Amino acid sequence: MALSTFDTLLQKIETRNARAGIIGLGYVGLPLAMAVARSGFAVTGFDIDPSKMVALDAGRSYIDAVSDAALAAEIEARRFEATTDFAGLAACDVIIICVPTPLTKHRDPDLSFVEATSRSIAAHLRPGQLVVLESTTYPGTTDDIVKVILEGTGLKSGSDFFVGFSPEREDPGNQNYHTATIPKVVAGDGTEALALMKAFYGAAVSTVVPVSSNATAEAVKLTENIFRSVNIALVNELKTVYAAMGIDVWEVIDAAKTKPFGYMPFYPGPGLGGHCIPIDPFYLTWKSREYELPTRFIELAGEINSAMPRYVVGKLAEALDIRAGKALSRSRVLVIGLAYKKNVADIRESPSLRLIEIIEERGGRADYHDPFVAEIPPTREYQALKGRRSVALTPEAVAGYDAVLVATDHDSVDYPALAKSAALIIDTRNVFNRLGLSADHVIKA
């Protein structure tokens, strides 16, 4: 008896004879491609950016989580190749979508990348393929958009091909967890799709967590990021209130976290960055309108976090006025850290970009130093900053600025030297206090 489409694909996965195609070779897609290749599958990576192909063909990784050596090992073993030619999707048995899901200017979901990618897959869809969405989105996207586009070919999900969702959980810069060791939530459109998801991801990661539906898996990812957004907003608001009372919020948090139950520490900052936390919660607020249900808590958290860059610049202007007798409009400011978090080069949604913009809107001049970001690349929202380069952090250079604003506390920055050379420091990360470098000219914000 001939094997069914499901049985044939399952057998390919279990024997590592399935070829995986990963669309979008960025912070999610490239580490995933390496994890899948290391588990024994042949992997083809797809991306529309020719510069990525140039780097990959030369064995050069542009993602911190993937070393050149790790990339070279999979290329040399012929388990990984990359291309801009999407015709190669026809040869793939498992196709994984790892493309951006940004917001529009009005904070509505922009699923144009998901939709365009789904149409590209549809053009090469054949029986016996598993199509997986990993991009963060609102509940219902996989079934209502990806599946519908694919079924527009005349093939049917659950019999001809299979559809699943597995949210990415990448954490750039995290040295304790990587793609293969982070538990993977998986779901599928039907029991057979779920079985394929469990078999495929179970071969590449240490722990698989199955849930009942694609919408549930989509909600899991949103819940994780909303949890962080709301709690960060809480401590950001407490920061402003306690500051008015003369209380150090960092000291409060350090004491509160000694409680062994019922409390988890979150820390304030100059604003939110990264692709997930500043964006993902609004996917749920948008979807909730369909059900006429407000998401006041989530939206309030977004408002508080979005207001932090302006609050920080306000503290900067106040400190310049009181400590230096100088207006921000006549001041030069050096921003330390362009990346959105320490020890990485990722500037997606970084509050540092907004800080620079606000300082210059108010007439000041802002430069930056970041050991991981030599030059500001093109961004959708900050085109005017494109091409600016990181300045050298020499004592002479630092002394030439009216204030230094620490936005990202990279470990490789020489903070003792900075404390000696800078006339005024605005510290949004409590790094000077942590290092025992508290001084009268260091102001927390």
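Helices, strands and buried positions in a predicted model

Asparagine 236 has its place in helix α8, which spans residues 214-245. The structure is a predicted model. Asparagine 236 is buried, its relative accessible area being 0%. Apart from neighbours within four places in sequence, the residues in contact with asparagine 236 are Pro268, Gly269, Ile304, Asn305 and Met308.

A second buried polar position is found in another helix. Lysine 287 belongs to helix α10, residues 281-288. With a relative accessible area of 11%, lysine 287 counts as buried, because the cut-off for that term is under 20%. Once neighbours within four places in sequence are set aside, lysine 287 is in contact with Tyr138 and Pro139. Glycine 140 is 147 residues away from lysine 287 in sequence, yet the two C-alpha atoms are 9.2 Å apart in space.

Helix α3, residues 50-57, shows how burial can be distributed around a helix. Its buried residues are Lys52, Met53, Ala55 and Leu56. Viewed down the axis of α3, these residues fall within an arc of 165°, so they line one face of the helix. The face turned away from that buried side carries Pro50, Val54 and Asp57, which are exposed. On the buried side, the packing partners are α2 (29-38), α4 (68-76) and β3 (80-83). Glycine 59 follows α3 and has a positive phi, near 75°.

Two further helices can be considered as a pair. Two packed helices are described by the angle between their axes and the distance between the axes. For helix α1 (residues 5-14) and helix α7 (residues 191-204), the axes come within 9 Å and cross at roughly 10°. Angles under 35 degrees count as roughly parallel, and α1 and α7 are therefore roughly parallel to each other. The contact is made by Phe6, Leu9, Leu10 and Ile13 from α1, which meet Glu192, Ala195, Leu196, Ala199 and Phe200 from α7.

The next element is strand β4, residues 94-97. In a regular strand the side chains alternate between the two faces of the sheet. In β4, Val94 and Ile96 point one way while Ile95 and Ile97 point the other way, and all of them are buried. β4 pairs with strand β1 (residues 19-23) in the parallel sense over 4 bridges, and glycine 21 stands opposite isoleucine 95. β4 is also joined by 4 bridges to strand β5 (residues 130-133), again running parallel. In that pairing, isoleucine 95 stands opposite valine 131. Together with helix α5 (residues 112-122), β4 and β5 make a right-handed β-α-β unit.

Further along the chain there is an open sheet of 5 strands, in the order β10-β9-β11-β12-β13, with parallel pairing. Its edge strands are β10 (365-369) and β13 (442-444), each of which pairs on one side only. From one strand to the next, the twist averages 25°. Within this sheet, strand β11 (residues 403-406) and strand β12 (residues 425-427) pair in the parallel sense over 3 bridges, with leucine 405 opposite isoleucine 426. Helix α12 (residues 351-361) lies across β9 (332-336), β10 and β11, and runs at about 155° to β10. Angles over 145 degrees count as roughly antiparallel, so α12 is roughly antiparallel to β10.

Methods. Residues are numbered from 1 along each chain as its sequence is written. This is a predicted model: local features need pLDDT of at least 70, side-chain atom pairs count only at pLDDT 80 or more; totals for chains, interfaces and linings use all residues. Side-chain values use heavy atoms; hydrogens and water are left out. Buried means under 20% relative accessible area, exposed over 50%, partly exposed in between (1.4 Å probe, protein chains only). Helices (H or I, at least four residues) and strands (E, at least two) are DSSP runs, numbered from the N terminus. The arc is that of the directions from the helix axis to the C-beta atoms. Contact means heavy atoms within 4.5 Å. Two strands pair if DSSP finds at least two bridges between them. A crossover is right-handed if, with the strands pointing away from the viewer, the path from the first strand over the helix to the second runs clockwise. Axes are lines fitted to C-alpha atoms, for helices over the stretch in contact, and angles run from 0 to 180 degrees between N-to-C directions. Angles under 35 degrees count as roughly parallel, over 145 as roughly antiparallel, 65 to 115 as roughly perpendicular and the rest as oblique.
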